[in-house]
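Please examine the structure shown here together with its sequence. The explanation beneath it moves from the whole chain to particular residues.

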Amino acid sequence: MEVAALLTSAGINIAVCVTLFSIYSVLRKQPSNFTVYFGRRVASKRSKNVNFCLERFVPTPSWILKAWETTEDEILGIGGLDAVVFVRILVFSLRVFSIAAAVCLFLVLPVNYHGKDRLHKDIPLESMDVFTIANVQQHSEWLWAHCLALYVITFSACSLLFFEYKSIANLRTLHIIGAPPSPSLFTILVRSVPWSPEESYCETVKKFFSSYHASTYLSHQIIYKCGTVQKMKDDAEHVFRVLKDGTMENTSKPIFTHCCSCGGNTNSFQMINVERNSALESTTNTSPDLDMRKKECAAAFVFFKSRYAALLASKILQSSNPMLWVTDVAPEPQDVYWSNICIPYRQLWIRKIATLIASIAFMLVFLLPVTFVQGLTQLDKLQKMFPFLTEILKSKMVNQVVTGYLPSLILVLFLFAVPPMMMLFSSLEGCISRSGRKKSACWKVLYFLIWNVFFVNVFTGSVISQLSVFSSVADLPVQLAKAVPSQATFFTTYIFTSGWASLGCEIMQIYPLLCNFIQRLLKLNDDSQNGTQNFPYHTEVPRILLFGFLGFTNAILAPIMLPFLIIYFFLAYLVYRNQFLNVYVAKYDSGGQYWPIVHNTTVFSLIFAQIIALGVFGVKHSPVASGFTFPLVVGTFLFHQYCRQRFLPSFKSNSAQTAIDMDRRDEESGKLREIHQHLHSAYCQYGLLHDPDLPRCFSHCDPDEEDAQFSPQRSLKGKEILKKEKSGSFHRTSSTKAVVLGGM
């Protein structure tokens with residue numbers, strides 16, 4: 001394909017982006033009524049309409065300047081640590097590919113362009129193969145340039161990865177230390193509670209932890225069955241009682257035990273002591289307490305007196321049978337995914353296997369649209385399949401659009417169905433937290449995109465047609481070395497359609513806008529939610545990592561792709577910062593858990609690019625370049641293992657030293673007793689509590705308190721605490737201070 005086709009695709013996407021960005025700039029000047037349509041945070045009532053003014057219809061770069069000038073602490077205060085990590089991903093990508101572009105465009109690209117003795121045309125009329133490594137002759141002495149560029153890219157990426165990993169781990173520690181007392185640090189989730197015919201799950205949990213954790217156990221809250229099926233069942237029982245009794249009086253008075261009251265003020269409830277449960281059961285079979293016992297799950301939130309006690313209890317084996325009394329660190333109250341907590345623990349491994357099989361089946365089914373897309377990139381096959389298109393495809397402009405732009409556009413449209421399906425699979429998998437479900441979906445979407453966008457397109461486009469890819473696994477690097485450069489045009493166009501154009505759609509919020517319009521048209525709009533939404537990390541993180549994967553694998557093979565990648569990452573940096581400021585509301589935070597995904601994917605991309613380079617150097621018969629590339633693969637793998645041992649444990653669990661220091665600080669300040677009082681009302685199942693007089697739980701506080709969770713003062717407060725510890729305020733030794741930061 002000629003460069004003109006690539007420029008045509010770029011022009012189409014630039015026109016789309018400019019149009020959408022202009023419309024967005026215009027609407028930024030409209031009255032605040034538009035904020036409801038675009039899903040922005042609504043902090044107050046809609047303002048009155050302002051007078052008509054032509055100035056409002058002139059595009060303005062003010063939102064770009066605001067996004068550029070926003071500090072990291074402001075993003076931390078609005079979007080949480082996950083938002084900071086996401087912005088760091090974009091900054092890391094910009095730095096790495098800027099270095100790669102500087103090296104490859106001035107060193108590798110001239111070598112590729114003049115690799116063979118040929119008469120060059122004007123650049124727009126040149127074939128894309130001229131700019132790839134396929135244009136370099138065999139036994140060429142200039143292949144050392146590609147090997148040197150690969151070394152520079154690898155060392156730059158590894159260095160930036162190390163410093164970013166260290167910085168984010170440090171920020172995570174400061175974020176935990178400076179945070180207000182979190183209920184999750186004092187709480188563990190216990191599942192697979194053994195069933196007893198003589199007592200309820202509530203009594204079993206209390207007896208077990210009172211016996212084996214007597215000095216640290218505080219209280220517990222049993223978990224009740226919830227979900228759509230359970231709600232339908234409860235509604236049916238409620239209607240049956242109403243029809244049977246003929247009055248709402250007997251069914252509208254909630255009577256709960258201490259385990260399901262979620263703590264707090266209980267003036268509006270009739271409290272029944274646990275000791276009276278047996279008497280109630282003997283007196284009546286329709287006791288509300290008996291009904292609640294039937295709804296109990298074999299799971300509970302158990303509260304401890306200190307963070308260290310909860311951390312220790314969540315890590316140790318509670319019983320000789322590892323399938324009983326299974327403990328995990330409790331998620332944040334607003335992060336709990338209540339439906340999955342009721343899933344029996346013994347079913348989890350079956351669910352994981354089933355979702356894995358379903359994901360693989362979905363990937364195989366998706367081969368059909370990918371194969372169709374690759375058929376569009378090959379004009380001769382397209383004319384054989386559809387003879388009536390021969391006359392239409394003779395037009396040069398139509399030919400360039402059909403073979404260059406249309407395939408990637410169709411693939412992007414099909415890929416819209418992937419994130420919802422992977423989120424469904426992650427929900428069925430049994431994740432106990434919403435952030436964990438989104439993280440699991442992020443992995444699934446990432447695997448899916450790398451397989452279908454890269455491997456399937458490469459194999460379908462050039463290797464499977466030759467049936468040589470299945471000859472030997474050892475020949476796979478060689479086959480990839482032959483196939484990847486030929487797909488450079490498709491991957492570059494995919495960056496336009498899935499990258500540039502998606503930024504315009506992201507900033508315009510087209511899908512929420514359509515949903516809001518339909519809701520208003522059908523009068524189904526719910527003003528209580530104020531149009532707020534969480535950031536789709538499971539969609540955007542895999543997209544950025546996929547572009548990074550394409551950039552690393554094509555850096556020395558087709559360096560002409562790198563400038564388009566840099567433009568995308570720069571625009572994404574501005575757009576997503578604006579989205580965090582004006583569109584998305586952080587309801588929960590995983591604490592930067594997406595960075596290990598970024599690190600693992602980047603290292604995999606580097607190693608895979610090095611393996612392809614080995615195959616290329618083998619095809620070009622350059623043993624010197626191959627010999628120097630092999631140690632690079634080993635060194636990158638060792639670097640990855642070092643980072644896993646050095647930083648990953650701090651993302652999996654909090655340190656005992658940090659927990660003990662925070663406990664001592666709260667005990668000395670007298671806040672520990674107040675924290676214990678809040679723990680009783682932290683975790684509430686709203687599906688069971690319908691009484692309007694019930695006080696709001698600790699996990700659902702006022703908007704001002706909710707924003708305080710992600711206040712930038714958290715990290716600043718953490719730094720102040722560490723400074724006080726250095727001055728001896730908490731009687732700490734200098735050797736222990738370094739461990740709080742992990743030796744950073």
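The paragraphs that follow treat the overall fold, the nonpolar cores, one helix pair and three individual residues.

The model is predicted. Its protein chain contains 31 helices and four strands. Of the 744 residues in the chain, 52% count as buried. Contacts between residues at least 6 apart in sequence are joined, in 81% of cases, by residues at least 24 apart.

The interior may be described next. The largest nonpolar core comprises 121 residues, and those with the most contacts inside it are Phe86, Leu415, Phe454, Tyr494, Leu550 and Phe569. Helix α4, spanning residues 72-113, gives the most to this core, contributing 21 residues. Separate from it is a second core of 18 residues, with Cys342, Ile675, Leu679 and Ala682 among them.

How are helices α22 and α23 arranged with respect to each other? The axes of α22 (residues 537-554) and α23 (residues 562-582) come within 11 Å and cross at roughly 160°. Angles over 145 degrees count as roughly antiparallel, and α22 and α23 are therefore roughly antiparallel to each other. Their crossing is left-handed. On the α22 side, the contact is formed by Tyr537, Glu540, Arg543, Ile544, Phe547, Gly548 and Gly551, which meet Leu562, Leu565, Tyr568, Phe569, Tyr576 and Phe580 of α23. By type, the residues of this contact divide into nine nonpolar, two polar and two charged. Phe569 of α23, part of this contact, is also one of the residues with the most contacts inside the largest nonpolar core.

Arg543 of α22 takes part in the contact with α23 and also touches serine 502. Serine 502 lies in helix α20, residues 488-508. Is serine 502 buried or exposed? It counts as buried because its relative accessibility is 13%, and the cut-off for burial is under 20%. Apart from neighbours within four places in sequence, serine 502 is in contact with Thr497 and Arg543.

Two loop residues deserve attention for their backbone angles. Most residues other than glycine have a negative phi. Tryptophan 325, however, has a positive phi of about 55° although it is not a glycine. Tryptophan 325 is placed in the loop between α10 (307-315) and β4 (326-329), and at 8% relative accessibility it counts as buried. Histidine 621 likewise has a positive phi, near 55°. Its place is in the loop between α24 (595-619) and α25 (623-646). With a relative accessible area of 41%, histidine 621 is partly exposed, whereas tryptophan 325 is buried.

Definitions and conventions. Residues are numbered from 1 along each chain as its sequence is written. This is a predicted model: local features need pLDDT of at least 70, side-chain atom pairs count only at pLDDT 80 or more; totals for chains, interfaces and linings use all residues. Side-chain values use heavy atoms; hydrogens and water are left out. A nonpolar core is a set of buried Ala, Val, Leu, Ile, Met, Phe, Trp, Tyr and Cys residues joined through side-chain atoms within 4.5 Å. Buried means under 20% relative accessible area, exposed over 50%, partly exposed in between (1.4 Å probe, protein chains only). Helices (H or I, at least four residues) and strands (E, at least two) are DSSP runs, numbered from the N terminus. Axes are lines fitted to C-alpha atoms, for helices over the stretch in contact, and angles run from 0 to 180 degrees between N-to-C directions. Angles under 35 degrees count as roughly parallel, over 145 as roughly antiparallel, 65 to 115 as roughly perpendicular and the rest as oblique. A crossing is left-handed if the near helix is turned anticlockwise from the far one by less than a right angle, and right-handed if clockwise. Contact means heavy atoms within 4.5 Å. Ala, Val, Leu, Ile, Met, Phe, Trp, Tyr, Cys and Pro count as nonpolar, Asp, Glu, Lys and Arg as charged, and the others, Gly among them, as polar.
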